[in-house]
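Reader: I have the structure open and would like to understand the words used to describe it. Could you take me through the reasoning behind them?

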Amino acid sequence: MNARPIRWSAILSAGALIVASCGGTSVGPSASPTVAAVATTAAPTPSPSSTPSATLASGAPTPQPTLLPPVAADTTVVSLTKIPIPPLSGKTASIDIIQIDQAAHRLYVADRTTNGVDVFDISTKDAKYLKSVDAGSGANGVVVAKDVNKLFAGLNDSNVAIIDLTSLTVIAKVNTGGKGRADELDYDPKDKKVYVANSGDGFVTVIDATTNAIVKKIDNLGAALEQPQYDTSDGLMYMTSSDQNAVFVFDPAKDALVRKDVLAVICNPQGLAINPKTNQALLGCSAGRAGSTATSLTVAWDLSKGIFTGVFGQVGSGDSVTYSAKTDRFYFGAHNFPHGSVIGIFSGSPIGFLTNVPTGSFSGAKNLAYDETNNLIYTQDALPGEGALFSFTPPK
């Protein structure tokens, strides 16, 4: 569980370090990182080659087992509790973002298979399925806007469904005008705005959470827009791009792009979670999955300076990241990690690798949420024909 000294020759030979400096490209300056800024860690074992995954009728890739054994020193095995999703009985789940309303003890699951959002009561350790809200199209991102009593869900048909938190019904839909899906999204409670990543169309849609109206469309952002994340400490909205290996920075007060920070390590970030007390983030790198020539890494990120402050080789090749202020922990869903699908656990201040929790030998556990009341992590069971969630108590 202790970080091991990083060997820069190994990282360089694996292609993890880009020689060019990072920082604001066309929209603003940003500092370049130095070797001294990188935390101590170990270089991971290179990924094996693999055959392409088959595709299920639902469009979700068939989970494939990984070939590399887990690293014992980096791994903590815990018991997993299976939580059925009744409408998915006998089906393979295609689940995206999972979010928890901590005060209301509600778990919301973006579910492409049920064409909407699955809702659970998690007031106790035994999660109880309540209903699946049919949004008419597969859901990707979900976010709770508590102060306006709404949940927003980005849909495959480029709409954003707006769900009343009391009645758990769709009360409105907003068409973002894209050709592809409305993907992940986050809520700015100060300005009461929802930022939606139109991932394949290369633009961001800004929605007024009170009126449900589109107030801005920020165009020409490029490919593979991923996770928006609002930072309560500086009032800015951050968003990753996996294909561009970058973090975008927006000012919601002006609905303007402030800068674009390109990483100086090959991360291809998807997930992003923020510790607002330190203004530091953990990036869920997708690089290094089986068949890739890149190295599996996780990156600690300084939001103010737009530079990396740590590179960790014990886990990588995943998607979603969440941060809990209560535990001061980051949790990373590394579903494509060559040593097996795991949840990577990091300390929050300072950011440091702690351990990996295996979630099965198959890809799948890429999205997750942490229940602060019952000290449980929820993630998906992506095995064929399972149609369920997993929960487990994270190690200390």
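Author: Happily! Two strands count as paired if DSSP finds at least two bridges between them. The model is predicted, and in it four strands form an open sheet in the order 2-29-28-27, with antiparallel pairing.

Reader: What makes strand 2 and strand 27 the edge strands?

Author: Strand 2 (81-84) and strand 27 (368-371) each pair on one side only. Neighbouring strands of this sheet are turned by 30° against each other on average, ignoring direction.

Reader: How do you know that strand 2 and strand 29 pair?

Author: Pairing takes at least two bridges, and strand 2 shares four with strand 29 (residues 388-392), in the antiparallel sense. Therefore the two count as paired. To find the place on your screen, look for T81, which stands opposite S391 in strand 29.

Reader: Why is the pair of F312 and F346 called edge-to-face?

Author: Ring centres must lie within 6.5 Å to pair, and planes over 60 degrees apart count as edge-to-face. The centres of F312 and F346 are 5.4 Å apart and their planes meet at 70°, so both conditions are satisfied. F312 sits in strand 22 (residues 307-312) and F346 in strand 25 (residues 342-348), so this pair ties together parts 34 residues apart in sequence. Both F312 and F346 are buried.

Reader: And why is the pair of Y323 and F330 called tilted?

Author: Stacked needs planes under 30 degrees apart and edge-to-face needs over 60, with the rest called tilted. Y323 and F330 have 45° between their planes, at 4.7 Å centre to centre, so tilted is the word that applies. The structure holds seven aromatic pairs, and Y195, F248 and F250 form one aromatic cluster.

Reader: Why is Y323 called buried, with a relative accessible area of 17%?

Author: Buried means under 20%. Y323 has 17%, so Y323 qualifies. F330, at 0%, counts as buried too.

Reader: Where does Y323 lie in relation to the second largest pocket?

Author: Y323 is among the residues nearest the centre of that pocket, along with Q99, D186, Q229 and T322. The pocket holds about 1000 Å³ of space and has 37 lining residues. Strands that each supply at least two of the lining residues include strand 3 (95-101), strand 23 (321-324) and strand 27.

Reader: What classes of residue make up that lining?

Author: The lining has 22 nonpolar, nine polar and six charged residues. Tyr counts as nonpolar here, and Gln as polar.

Key:
Residues are numbered from 1 along each chain as its sequence is written. This is a predicted model: local features need pLDDT of at least 70, side-chain atom pairs count only at pLDDT 80 or more; totals for chains, interfaces and linings use all residues. Side-chain values use heavy atoms; hydrogens and water are left out. Axes are lines fitted to C-alpha atoms, for helices over the stretch in contact, and angles run from 0 to 180 degrees between N-to-C directions. On a 1 Å grid over the protein atoms alone, a cavity is a set of points where a 1.4 Å probe fits but cannot get out, and a pocket is an open set with protein on both sides within 12 Å along at least five of seven lines; lining residues have an atom within 4 Å of a point. Grid points are joined across faces, edges and corners, and a volume is the space filled by probe spheres set on the points. Rings of Phe, Tyr and Trp (its six-membered ring) pair if their centres lie within 6.5 Å; planes under 30 degrees apart count as stacked, over 60 as edge-to-face and the rest as tilted. Buried means under 20% relative accessible area, exposed over 50%, partly exposed in between (1.4 Å probe, protein chains only).
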